[in-house]
Amino acid sequence: MLRILIFAALVLYGHGLEDSPDTNARVVGGTNAQRNSWPSQISLQYSSGGYWYHTCGGTLVTQNWVMTAAHCVDSNLNFRVVVGDHNLSQNDGTEQYVSVSKIVKHEYWNPNNVAAGYDIAMLRLSQRVTLNSYVQLGVLPRAGQILANNNPCYITGWGRTKTNGQLAETLQQAYLPVVDYATCSSSSYWGSTVKNTMVCAGGDGVRSGCQGDSGGPLHCLVDGQYAVHGVTSFVSSQGCNVVRKPTVFTRVSNYISWINNVIAFN
């Protein structure tokens with residue numbers, strides 16, 4: 001039986017068996033995103049020693065709710081969300097900083113088995129953010145929507161730009177086309193580790209998520225509009241940009257009713 005290694009969002013390096021998921025995805029092989037080109041992207045940060053540190057990405061889905069990965073908020077830390085950010089090391093003048101008042105992880109999330117799925121969480125903000133050209137709501141897919149193989153998508157995030165490399169200061173983006181479930185679940189790819197409640201993208205050995213982009217969006221172009229079809233979940237613990245080990249995302253279209261219910265009843 002495949003052993004699954006889970007790495008908390010704060011772990012800097014992932015080591016493990018071949019095919020083991022590492023849940024700290026950050027963008028590898030990307031380029032600097034243009035300012036406010038992905039205005040629904042947020043930075044999830046935690047406080048330590050009087051400072052705030054970026055740990056995960058996420059997507060603004062209403063003015064006071066953010067969607068991220070469940071494994072990003074397994075730790076009992078003090079979190080805040082930053083919207084409208086572009087360069088984490090400087091004041092862009094467009095940021096809004098909001099504390100997190102409630103964390104709702106999927107009830108079936110198992111922190112000891114990321115391959116079981118359900119790696120999704122909703123964060124209620126302490127106040128509503130102001131929408132403008134730098135801060136917009138992410139567009140979510142219709143319930144149950146499945147994307148075709150090679151559908152164009154982009155991952156975005158501030159993570160490490162190579163395995164065990166440096167964190168990005170400026171928001172990165174990388175082109176990651178969809179790898180359909182039949183291909184991604186085949187023995188030469190992820191095999192049974194991947195479930196049909198997930199989306200695979202990339203796998204060319206050049207571009208990928210890597211340590212810490214977790215929770216951030218996979219923006220996919222459908223009918224002329226980018227929608228957030230994935231929540232970054234895991235990469236191979238053998239390295240971020242491993243050939244035929246696409247970055248794996250929670251498939252948002254599988255959780256639309258769950259997302260709506262969380263917002264409605266919390």
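In the predicted model, D74 is partly exposed, with a relative accessibility of 31%. The side chain of D74 meets that of K105 in a salt bridge, with N and O 3.0 Å apart. This pair links distant parts of the chain, since K105 belongs to strand 7 and D74 to the loop between strand 5 (65-68) and strand 6, at a separation of 31 residues. K105 likewise counts as partly exposed, its relative accessibility being 32%.

The count of salt bridges comes to three. Another of them joins R35 to D92, whose closest N and O atoms are 3.2 Å apart. R35 lies in the loop between strand 2 (31-32) and strand 3 (41-48), whereas D92 lies in the loop between strand 6 and strand 7, so the pair ties together parts that are 57 residues apart in sequence. The two partners have unlike surroundings: R35 is partly exposed, at a relative accessible area of 36%, while D92 counts as buried, at 17%. A further salt bridge is formed by D204 and R207, with 2.9 Å between the closest N and O atoms. Here D204 is partly exposed, at 35% relative accessible area, and R207 is also partly exposed, at 27%.

A buried acidic residue, D85, has no salt bridge. D85 is found in the loop between strand 6 (79-83) and strand 7 (96-105), and D92 is located in the loop between strand 6 and strand 7 as well. The nearest side chain of opposite charge to D85 is that of R35, at a distance of 6.7 Å. A salt bridge requires a nitrogen-to-oxygen distance within 4 Å, so a separation of 6.7 Å does not qualify. R35 is instead paired with D92. When neighbours within four places in sequence are left aside, the contacts of D85 are D92, E95 and W158.

D85 also takes part in the lining of an enclosed space. Rolling a probe the size of a water molecule over the atoms shows where empty space is left. A search of the whole structure finds two cavities of 30 Å³ or more. The largest cavity has a volume of about 100 Å³, and 14 residues line it, those closest to its centre being N36, W38, P39, D85 and Y134. Its lining is made up of five nonpolar, seven polar and two charged residues. The second largest cavity holds about 40 Å³ of space. Its lining consists of V114, G117, Y118, D119, T197, M198, S233, T250 and Y255, which divide by class into four nonpolar, four polar and one charged.

Open pockets were examined alongside the cavities. The largest pocket has a volume of about 280 Å³. Of its 15 lining residues, Q45, W52, H54, L88 and S89 are the closest to the centre. Strand 4 (residues 51-62) provides the largest share of this lining, with three residues. By class, the lining of the largest pocket comprises seven nonpolar, four polar and four charged residues.

L88, one of the residues closest to the centre of the largest pocket, lies in the loop between strand 6 and strand 7. L88 is partly exposed, with a relative accessible area of 27%. Leaving aside neighbours within four places in sequence, L88 is in contact with S43, Q45, H54, W158, A168 and E169. W158 is likewise among the contacts of D85. In contrast to these contacts, V262 is 30 Å from L88 in space, C-alpha to C-alpha, and 174 residues from L88 in sequence.

The second largest pocket has a volume of about 170 Å³. This pocket is lined by 15 residues, of which I146, Y181, M198, V199 and R251 are the closest to its centre. Strand 11 (178-179) and strand 12 (198-201) each supply at least two residues of the lining, and the largest share, three residues, comes from strand 12. The lining of the second largest pocket contains nine nonpolar, four polar and two charged residues. M198, one of the residues closest to the centre of this pocket, is also one of the residues that line the second largest cavity.

Definitions and conventions. Residues are numbered from 1 along each chain as its sequence is written. This is a predicted model: local features need pLDDT of at least 70, side-chain atom pairs count only at pLDDT 80 or more; totals for chains, interfaces and linings use all residues. Side-chain values use heavy atoms; hydrogens and water are left out. On a 1 Å grid over the protein atoms alone, a cavity is a set of points where a 1.4 Å probe fits but cannot get out, and a pocket is an open set with protein on both sides within 12 Å along at least five of seven lines; lining residues have an atom within 4 Å of a point. Grid points are joined across faces, edges and corners, and a volume is the space filled by probe spheres set on the points. Helices (H or I, at least four residues) and strands (E, at least two) are DSSP runs, numbered from the N terminus. Ala, Val, Leu, Ile, Met, Phe, Trp, Tyr, Cys and Pro count as nonpolar, Asp, Glu, Lys and Arg as charged, and the others, Gly among them, as polar. Buried means under 20% relative accessible area, exposed over 50%, partly exposed in between (1.4 Å probe, protein chains only). Lys and Arg count as positive and Asp and Glu as negative; His and the chain ends are not counted. Contact means heavy atoms within 4.5 Å.
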